[in-house]
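This briefing goes through one protein model topic by topic, beginning with a single loop position and widening out to the sheets, the core and the chain as a whole. Please keep the sequence and the coordinates at hand while reading.

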Amino acid sequence: MKWFFKKSDENAGLVHLRGSNNRVIIIEGGIERPIHKSERIRGLDIIVEGNNNTIKIEMPFNANGSTILVMNNNVNIELGRTAGFFETKIVCRYGDGQVCKIGKETTINGASIELPESSGLIIGQGCMLADNIKIWGSDGHSIIDLNSMNIVNHVSGPITVGDYVWIGDCAILTKNARVADFSVVAAGTVCCKEFTEPNVLIAGNPGNIIRHGIIWERYNPSKLSAKLKK
């Protein structure tokens, strides 16, 4: 298989499974099978130390400098086929039962995805994530109301990004963030709440909708203008 390399290949990814009932599943042509002991996914290190964790990866999967690190139990990660999964780290630790699902044809050019406290992340298909993006499924520490002594920063559900969403350079998505289909999160935006309206441009800190009724295209404006004139 052109996506796999022998262990001796210096560009091969690492697969390290320690614990019980941990599985890495390869999906090819809609058929699932366990990864062979001699197989690796180029550009992707997979390190699991826990129990009952499942990682499913659909081929072809073009990765470079990326890592999946699971340090707890009952985690479910599903990555659709993609042309770009670069300089990206998915980390699941503390808590239990994290879910991370990224749809097919979604490209990520550089993201740090931290999923502690049983948090989760769901990204749809056809999305485009730029460089230096941070996604935090939980605050990682507790904020407590002094009067009631109640914790006030619980996770209400997974961070959710719809289909065909563009997230710009250095954007941050925090716990409970939601972005609807066909939207754009501008560079440097801190997205920390729910946006249910599709086709919007979100910008600022904290992020807010600054434009409605938009769509985006992977072509830059010059190329797209030339294409539309033909």
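At 46% relative accessibility, Gly 140 counts as partly exposed, and its place is in the loop between β16 (133-136) and β17 (159-161). In this model, which is predicted, Gly 140 and Lys 175 are 35 residues apart in sequence, while their C-alpha atoms are 9.9 Å apart in space. The points below are grouped by topic.

**Overall form**

- The protein has one helix and 25 strands, and its radius of gyration of 19 Å is close to the 17 Å that the globule rule gives for 230 residues, so it is as compact as a globular protein of that length.
- Taken along the principal axes, the box filled by the C-alpha atoms is roughly 65 × 50 × 30 Å.
- Of the 230 residues, 44% count as buried, and among contacts with a separation of 6 or more, residues 24 or more positions apart account for 32%.

**The nine-stranded sheet**

- Nine strands form an open sheet with mixed pairing, in the order β3-β2-β5-β8-β11-β14-β17-β20-β23.
- The edges of this sheet are taken by β3 (31-34) and β23 (194-195), each of which has a single partner strand, so one side of each is left without a neighbour in the sheet.
- At the β23 edge, strand β20 (residues 178-179) pairs with β23 in the parallel sense over two bridges, and Arg 178 stands opposite Glu 194.

**The eight-stranded sheet**

- Another open sheet, of eight strands with parallel pairing, follows the order β1-β4-β7-β10-β13-β16-β19-β22.
- Here β1 (15-18) and β22 (190-191) stand at the edges with a single partner strand each, so one side of each is left without a neighbour in the sheet.
- Within this sheet, strand β4 (residues 44-49) and strand β7 (residues 66-70) are joined in parallel by five bridges, and the bridge partner of Ile 46 in β7 is Ile 68.

**Strand β6 and its partner**

- Strand β6 (residues 61-64) has alternating side chains: Phe 61 and Ala 63 point to one face and are buried, whereas Asn 62 and Asn 64 point to the other face and are not buried.
- Three bridges join β6 to strand β9 (residues 82-86), with the two strands running parallel, and Asn 64 stands opposite Phe 86 in β9.

**Nonpolar core and cysteines**

- In soluble globular proteins, nonpolar side chains tend to be buried together.
- The largest nonpolar core in this model has 46 residues, of which Ile 77 and Ile 90 touch the most other members.
- Leaving out residues up to four places away in sequence, the residues that Ile 77 touches include Ile 55, Ile 68, Val 70, Ile 90, Cys 92 and Cys 100, and the polar or charged names Thr 54 and Lys 56 also appear among its contacts.
- A search of the whole structure finds zero disulfides; for Cys 100, the nearest cysteine sulfur is that of Cys 92, 6.4 Å away, and for Cys 192 it is that of Cys 191, 6.9 Å away.
- Cys 100 is buried, with a relative accessible area of 1%, whereas Cys 192, at 36% relative accessibility, counts as partly exposed.

**Two buried hydroxyl residues**

- Ser 183 lies in the loop between β20 and β21 (184-185) and is buried, with a relative accessible area of 0%.
- Not counting residues up to four places away in sequence, Ser 183 touches Tyr 164, Val 165, Trp 166, Glu 197, Pro 198, Asn 199, Val 200 and Trp 216.
- Thr 107 is placed in strand β12 (residues 107-108) and, at 18% relative accessibility, counts as buried, because the cut-off for that class is under 20%.
- Leaving aside neighbours within four places in sequence, Thr 107 is in contact with Thr 82, Gly 84, Cys 127, Met 128, Leu 129 and Arg 218.
- One of these contacts, Arg 218, is joined to Thr 107 through a side-chain polar contact of 3.1 Å, while Thr 82, 25 residues from Thr 107 in sequence, is 6.3 Å from Thr 107 in space, C-alpha to C-alpha.

Conventions. Residues numbered from 1 in each chain as written. Predicted model: local features only at pLDDT ≥ 70, side-chain atom pairs only at ≥ 80, totals over all residues. Heavy atoms only, no water. Pairing = 2+ DSSP bridges. Helix = DSSP H or I, 4+ residues; strand = E, 2+ residues; numbered from the N terminus. Disulfide = S-S within 2.5 Å. Buried < 20%, exposed > 50% of the residue type's maximum accessible area, 1.4 Å probe, protein only. Core = buried A, V, L, I, M, F, W, Y, C linked by side-chain atoms within 4.5 Å. Contact = heavy atoms within 4.5 Å. Polar contact = N/O pair within 3.5 Å; in protein donor to acceptor, adjacent residues only side chain to side chain. Rg over C-alpha atoms; globule rule 2.2 N^0.38 Å.
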